[in-house]
Amino acid sequence: MSEKTIQLEVFRYRPDADGPGFQTYDVPFHDDWVVLDALNYVKDYVDGTLSYRWSCRMGVCGSCGMEVNGEPKLTCAAFLRDYLPGPVRVEPLTNFPVERDLVVNMDGFMSKLDSVSPYIVPKDEAGGGPSAEHLQTPAQLDRYKQFSMCINCMLCYAACPVVGRVDEFIGPAALALAQRYNLDSRDDGRERRYDVMFQDEGVWECTYVGECSEVCPKHVDPAGAIQQAKLSGALDYYKRMLTPWARRS
Amino acid sequence: MGWTWWTQKPAYVHVFLREASAVFILAEVVLFAVLIHKAGQDAETYRAYLDFLWHPLMVVFHILALAFAVWHSVTWFLLTPSALPRQIAGRRVPAALVVGQQFAGLAVVSLLIALWVAWVGAT
Ligand code: FES
């Protein structure tokens with residue numbers, strides 16, 4: 001009996017060769033294979049020139065994000081069996097410049113991420129100082145825990161129509177992370193993140209389409225984080241207006 | 001992404017329809033404002049305007065506007081739990097409670113208006 005196969009239609013772009021296009025490959029079908037397994041099969045046995053990113057193979061590193069039949073997916077978590085009888089179209093993530101084949105350029109994303117100070121800014125001496133022990137209750141942890149599960153896979157940027165239309169939009173993952181640190185009881189970086197989060201290209205650019213939360217493989221709900229940030233940003237604005245003499249770090 | 005971006009995915013279409021509901025709701029508000037204005041004029045003008053509002057094409061428009069308004073409210077109510085902080089006064093608020101309260105509020109307000117209209121009609 002001949003082996004069951006499934007067809008992959010893979011986006012190809014090599015800057016040194018002709019323009020972009022699709023290449024089809026027939027790969028063996030196995031019930032427990034994911035799209036990434038199929039790509040690895042192509043790379044190992046059919047066409048070694050195919051380029052794509054991956055690492056952990058278990059939905060942790062966030063590097064294998066691609067468009068599978070037009071939906072942003074972690075290819076290590078997208079089973080071939082869900083796309084029967086095929087073909088399965090694999091493309092680089094939308095809204096990012098393509099570097100080569102399925103590899104996108106993440107520089108823009110990285111600098112957006114960097115711009116929100118995505119780390120705990122230690123409290124000053126008045127708040128106990130950076131070397132003090134800052135205890136956190138389970139309830140305090142619960143306020144931000146969901147938003148801290150992000151693996152930077154960028155699927156949310158590919159799903160967001162605003163990201164596609166406004167280059168400068170800080171975007172779902174970075175804003176959700178900013179909100180995550182703002183909600184952390186040990187953090188003192190709210191003021192530092194204020195200008196980036198609440199500029200026009202920050203949270204206010206979001207129109208709550210909600211697709212970022214739909215595609216998120218870690219159920220971070222960046223759309224929810226952004227709406228919550230809008231609420232706290234608006235409250236902050238009035239607080240600033242009413243108490244202009246208050247301390248701003 | 002061109003101007004047809006919103007047709008690319010069903011989810012985008014849903015959001016677009018929610019945003020587009022504003023046009024229908026604005027139109028209904030204008031029609032209502034004109035109705036109030038006409039009510040202050042003579043009976044003839046008022047009746048003529050009522051006839052216009054009851055024209056079959058206008059009735060189709062009202063039904064369409066109602067459908068858009070319902071779509072907007074329902075999809076928006078369902079979105080609110082994730083837009084609100086996880087906790088209020090240190091306690092987690094169940095999503096069903098947030099959504100349920102809004103539907104209950106809508107039902108109560110609608111009922112009060114219906115009763116009021118019935119009461120005004122009866123007197
Ligand atoms: S390979 Fe690491 S998330 Fe898919």
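Visitor: Before we start, what counts as a polar contact?
Guide: A polar contact is a pair of N or O atoms within 3.5 Å, where, within protein, one must be able to donate a hydrogen and the other to accept it. Residues adjacent in sequence count only if both atoms are side-chain atoms. Keep in mind that what you're looking at is a predicted model.

Visitor: Got it. How many residue pairs are in polar contact across the interface of chain A and chain B?
Guide: The rule finds eight residue pairs there, both partners being at pLDDT 80 or more.

Visitor: Which parts of chain A supply residues to that side?
Guide: β4 (71–74), α3 (138–144), α5 (161–165) and α9 (222–242) of chain A each supply at least two residues of the side that touches chain B. The one that gives the most is α9(A), with four residues.

Visitor: And how many salt bridges are there between the two chains?
Guide: Just one salt bridge is counted between chain A and chain B. Asp142(A) pairs up with Arg92(B), and their closest N and O atoms are 2.8 Å apart.

Visitor: How many residues does each chain bring to the contact?
Guide: Chain A brings 23 residues and chain B brings 18 residues.

Visitor: What area gets buried between them?
Guide: About 1,700 Å² is buried between chain A and chain B, and carbon and sulfur atoms give 51% of that. On the chain A side, Arg165(A), Tyr208(A) and Gln228(A) lose the most area to chain B, together 33% of what that side buries.

Visitor: Why talk about area at all?
Guide: The size of an interface is often given as the accessible area lost when the parts come together.

Visitor: OK, new topic. What is chain A built from?
Guide: Chain A has nine helices and seven strands. Its C-alpha trace spans about 80 × 35 × 30 Å along the principal axes. Of the 249 residues in chain A, 47% are buried.

Visitor: What about contacts between residues far along the chain?
Guide: Take the contacts in chain A between residues at least 6 apart in sequence: 63% of them join residues at least 24 apart.

Visitor: Back to salt bridges. How many are there over all chains?
Guide: A search of the whole structure finds 12 salt bridges. One of them joins Arg12(A) and Asp101(A), with the closest N and O atoms 3.1 Å apart. Arg12(A) lies in strand β1 (residues 5–12) and Asp101(A) in the loop between β6 (98–100) and β7 (103–104) of chain A, so the pair ties together parts that are 89 residues apart in sequence.

Visitor: Are Arg12(A) and Asp101(A) buried or exposed?
Guide: Arg12(A) counts as buried because its relative accessibility is 3%. Asp101(A) is buried as well, with a relative accessible area of 0%.

Visitor: Which other salt bridge links distant parts of the chain?
Guide: Try Arg57(A) with Asp37(A), where the closest N and O atoms are 3.3 Å apart. Arg57(A) sits in the loop between α1 (35–46) and β3 (65–68) of chain A, and Asp37(A) in helix α1, 20 residues apart. Arg57(A) is partly exposed at 39% relative accessibility, whereas Asp37(A) is buried at 12%.

Visitor: What does Arg193(A) form a salt bridge with?
Guide: Its partner is Asp187(A), and the closest N and O atoms are 2.9 Å apart. Arg193(A) is buried at 1% relative accessibility, and Asp187(A) is buried at 9%. There's also a network: salt bridges that share partners join Arg12(A), Asp47(A) and Asp101(A).

Visitor: Which residues of helix α7 of chain A are buried?
Guide: In α7(A), residues 190–197, the buried ones are Arg193(A), Tyr194(A), Val196(A) and Met197(A). They pack against α2 (107–115), α6 (172–182) and α9 of chain A.

Visitor: What lies over the face of Tyr194(A)?
Guide: That's Arg240(A), at 3.6 Å from the ring centre. Elsewhere, Arg89(A) lies over the face of Phe22(A), at 3.9 Å from the ring centre.

Visitor: Last thing: how many aromatic pairs are there?
Guide: The structure holds 15 over all chains. For Tyr237(A) and Tyr238(A), the ring centres are 5.3 Å apart and the planes are at 80 degrees, so that pair is edge-to-face. Tyr237(A) is partly exposed at 45% relative accessibility, and Tyr238(A) is partly exposed at 47%.

Visitor: And which residues do ring pairs link into a cluster?
Guide: Trp33(A), Tyr41(A) and Tyr45(A).

Notes: Residues numbered from 1 in each chain as written. Chains lettered and ligands numbered in written order. Predicted model: local features only at pLDDT ≥ 70, side-chain atom pairs only at ≥ 80, totals over all residues. Heavy atoms only, no water. Phe/Tyr/Trp six-rings, centres within 6.5 Å; stacked < 30°, edge-to-face > 60°. Buried < 20%, exposed > 50% of the residue type's maximum accessible area, 1.4 Å probe, protein only. Lys NZ or Arg CZ within 6 Å of the ring centre and 35° of its normal. Contact = heavy atoms within 4.5 Å. Buried area = accessible area lost by both parts, 1.4 Å probe. Salt bridge = Lys/Arg side-chain N within 4 Å of Asp/Glu carboxyl O.
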